[in-house]
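Please open the model in your viewer and keep the selection panel at hand. The tour begins with the surroundings of the ligand and then moves outwards to the domains.

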Amino acid sequence: MKIGILTAGGDCPGLNAAIRGVGKTAMVEFGMRVYGFASGFSGLIDNDYIELTEGQFSGMLTEGGTLLGTSREKPFKHKKNGAKPVYTKPDKIKENYKNLELDALVCIGGNGTQKTANLLAQEGLNVIGIPKTIDNDVWGTDMTFGFDSALQIATDAIDRLHSTANSHKRTMVIELMGHHAGWLALNAGLASGGDLILIPEIPYQKEAIIRYLKKRHAMKKPYSIVVIAEGIRKEGKRSAAAYIGDLIKNETGFETRETILGYIQRGGTPSPTDRILATRFGAYAAEMIARREFGKMVALKGSCLTSISLEEAGTRTRVVDPDQPLIRMARYMGASFGDEL
Ligand code: F6P
């Protein structure tokens with residue numbers, strides 16, 4: 001068999017481990033030929049690929065980023081040209097897939113990638129999805145790879161804020177990524193003892209934030225750590241951190257500083273958990289190809305690997321359920337989500 005692999009969307013730690021997982025299993029175990037497409041779906045549209053060799057996988061497991069490169073190209077997003085849609089990119093993809101005589105295509109990516117993978121499957125290609133993202137918001141899997149590494153980086157950053165916050169008796173606001181989901185802020189907030197945790201899934205009230213911080217102050221708590229997800233509701237074009245930071249400064253008068261952790265969350269070597277998960281996902285995807293189990297995304301359910309249809313994975317987003325036990329436990333620890341007056 002001949003298979004293609006691509007990595008699409010924002011990068012994250014573990015992409016190389018996943019490429020290696022697919023590649024080694026496909027080549028060594030099943031004798032398949034493996035082609036890597038450059039820069040996500042762009043490489044598939046432009047026919048920009050290389051045939052991968054086993055030797056290329058040496059040293060890849062621990063490396064951040066992606067050997068193949070990535071992009072946010074969305075081939076099905078077409079511009080309207082009068083009444084007639086311009087619809088050439090999916091046709092190019094089908095043509096290149098056919099000319100290379102591919103038997104399957106593995107798309108490693110987040111929500112947008114699974115959506116495109118589903119549309120390509122509907123166009124008749126044999127597609128398999130592998131879920132990755134630091135946001136952990138892909139529907140149908142309990143975890144995406146990339147999340148654990150980002151969580152470690154975010155937790156370390158917040159840990160470091162504690163000491164400087166304490167020295168200056170300040171309120172520290174830290175903004176984490178996560179797109180429209182609060183998984184990273186919730187988990188990093190919990191792991192690092194954040195006092196106020198704001199996530200998009202739990203609407204906050206300004207008065208509740210102020211009251212909570214003033215109460216801490218009255219209790220002689222020397223400082224406060226505010227962990228916020230980038231996707232929380234806010235007004236205007238300022239960052240979420242600036243918006244909440246200004247609110248706190250103006251309403252409490254407390255000395256407040258903001259940190260936006262940014263792309264550091266996505267960079268560098270994957271954690272052991274992500275290396276293992278990415279390897280498992282990759283190897284399982286190759287097994288699925290060998291079984292000709294197409295139109296599905298690899299998924300983790302509990303501690304077991306399974307798969308779900310791309311139709312399902314590509315059309316929904318997994319966000320934090322405000323009623324889930326983790327929220328309750330965080331509240332037991334004294335954390336506030338800015339929703340209780
Ligand atoms: O989806 C991963 C992610 O890092 C989000 O957390 C963030 O909102 C977004 O990508 C940033 O996108 P870009 O890489 O296009 O700036």
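Select the shell around the ligand to begin: its residues divide into three nonpolar, three polar and four charged, where Ala, Val, Leu, Ile, Met, Phe, Trp, Tyr, Cys and Pro count as nonpolar, Asp, Glu, Lys and Arg as charged, and the others, Gly among them, as polar. This is a predicted model, in which local features need pLDDT of at least 70 and side-chain atom pairs count only at pLDDT 80 or more, while totals for chains, interfaces and linings use all residues. Residues are numbered from 1 along each chain as its sequence is written, and side-chain values use heavy atoms, with hydrogens and water left out.

Next, display the members of this shell as sticks; the ligand is surrounded by Arg72, Thr133, Ile134, Asp135, Met177, Gly178, His179, Glu230, Tyr263 and Arg266, a residue being included if one of its heavy atoms lies within 4 Å.

Now turn to the oxygen atoms of the ligand. An oxygen atom of the ligand lies 2.7 Å from a polar side-chain atom of arginine 72, and an N or O atom in the side chain of glutamate 230 is 2.5 Å from an oxygen atom of the ligand. For tyrosine 263, the distance from a side-chain N or O atom to an oxygen atom of the ligand is 2.4 Å.

Finally, colour the chain by domain, using the assignment of domain 1 (2-146 + 270-302) and domain 2 (149-266 + 322-332), whose bounds come from an automatic or database domain assignment. The shell around the ligand draws at least three residues from each of these two domains, and the domain centres, taken over C-alpha atoms, are separated by 34 Å.

How values were computed
Polar contact = N/O pair within 3.5 Å; in protein donor to acceptor, adjacent residues only side chain to side chain.
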